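This report looks at how the interior of a protein model is built and how far the model can be trusted along its chain. Please keep the sequence and the coordinates at hand while reading.

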Amino acid sequence: MAHAREQCLASTDLDYWIDIARRAENGGFDALFLGDVLAIQQSPDRHRSDAMDPLVILSALAAVTQRIGLIGTASTSYDHPFHLARRFASLDHISKGWAGWNIVTSSNPLKAYNFGLDAMPDHAERYARASDVTETTLALWDSWQQDARIADKQAGLYLDSAKVRRIDHDSPFVPSRGPLKGPRSTQGLSILAQAGASEAGRDFAARYADMVFTVQSHLAGAQAFYRDMKARRQPGPCARKSADLSRYRANSGFNTPAG
């Protein structure tokens, strides 16, 4: 019984997460995904509702893994894109190019209360903000050229300022001048994941996501979802990342057991 109790409390034990990450990597998984909910949920006395910040966990796992994606969840409703861009770019540097952002808009009113709101914004507004936050985050990731840092000791120059630019993003949701405080990461633009099932969610995923999470109860439903997402796919900001995504999958050792 003591062992079972320890397992129930293992979510705050780093060794627990390291064990999961190593098993997944050795098993040939493409990525390890951590969800997140920004509130203690209902009936917390009956199930585990507490959780550590997924970006902190994934940063620690980056030190003990080499070729597995590390995908963390963050909300566009409660995070500013400057923080999002910096945190995921930092994870991408630490993991040498294996960071991913699972984009959520959040819908539970319990989360709203934690951020000083009386209610959640409506569905359409949440997705309008999500698009704005994502566009701004992508622009911030793109505000440094890959070779902006030159580290020329003789000339006394750390970077070429012509290769770091402001983004001057102006919007009613998340204006940001930029540039990002930190150099372009290994991937440049991190992998984006999304799991929206509504019409707005599917359109959002079709425009931005490199990978889409879905739950389908039978094969025909899964095939229909796949066809629908392919039909909605738009030339968007992630189109230029197709080569990077192929590298991400190939390097994971998918279907190739690690020795």
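In this predicted model, helix H6 has a long list of buried residues, which comprises Arg126, Tyr127, Arg129, Ala130, Asp132, Val133, Thr134, Thr136, Thr137, Leu138, Leu140 and Trp141. The cover over these buried residues includes H4, S3, strand S6 (191-194) and H7. The 19 residues of H6 should span 27 Å at 1.5 Å a residue, and because its end C-alpha atoms are 27 Å apart, the two values agree.

The largest nonpolar core holds 38 residues, of which Leu61, Phe88, Trp101, Trp141, Leu180 and Leu192 touch the most other members. The elements that each give two or more residues to this core are tabulated below.

| Element | Residues |
|---|---|
| helix H2 | 14-26 |
| strand S1 | 31-34 |
| helix H3 | 54-62 |
| strand S2 | 69-75 |
| helix H4 | 81-95 |
| strand S3 | 99-104 |
| helix H6 | 123-141 |
| helix H7 | 199-208 |

Among these elements, H6 gives the most to the core, with six residues. Leaving aside residues up to four places away in sequence, Leu180 touches Phe82, Ala85, Arg86, Ala89, Leu140, Trp141, Ser143 and Trp144. A second, separate core has five residues, including Ala205, Ala206, Ala209 and Met229.

As for confidence, the protein chain averages a pLDDT of 85, and 85% of the residues score at least 70. Over residues 252-259, however, the pLDDT is below 50, although this stretch has 16 contacts in the model beyond near neighbours in sequence. Where pLDDT is low, the predicted coordinates should not be read in detail.

Technical notes. Residues numbered from 1 in each chain as written. Predicted model: local features only at pLDDT ≥ 70, side-chain atom pairs only at ≥ 80, totals over all residues. Heavy atoms only, no water. Core = buried A, V, L, I, M, F, W, Y, C linked by side-chain atoms within 4.5 Å. Buried < 20%, exposed > 50% of the residue type's maximum accessible area, 1.4 Å probe, protein only. Helix = DSSP H or I, 4+ residues; strand = E, 2+ residues; numbered from the N terminus. Contact = heavy atoms within 4.5 Å. Expected span 1.5 Å × (residues − 1). pLDDT = per-residue confidence, 0-100.
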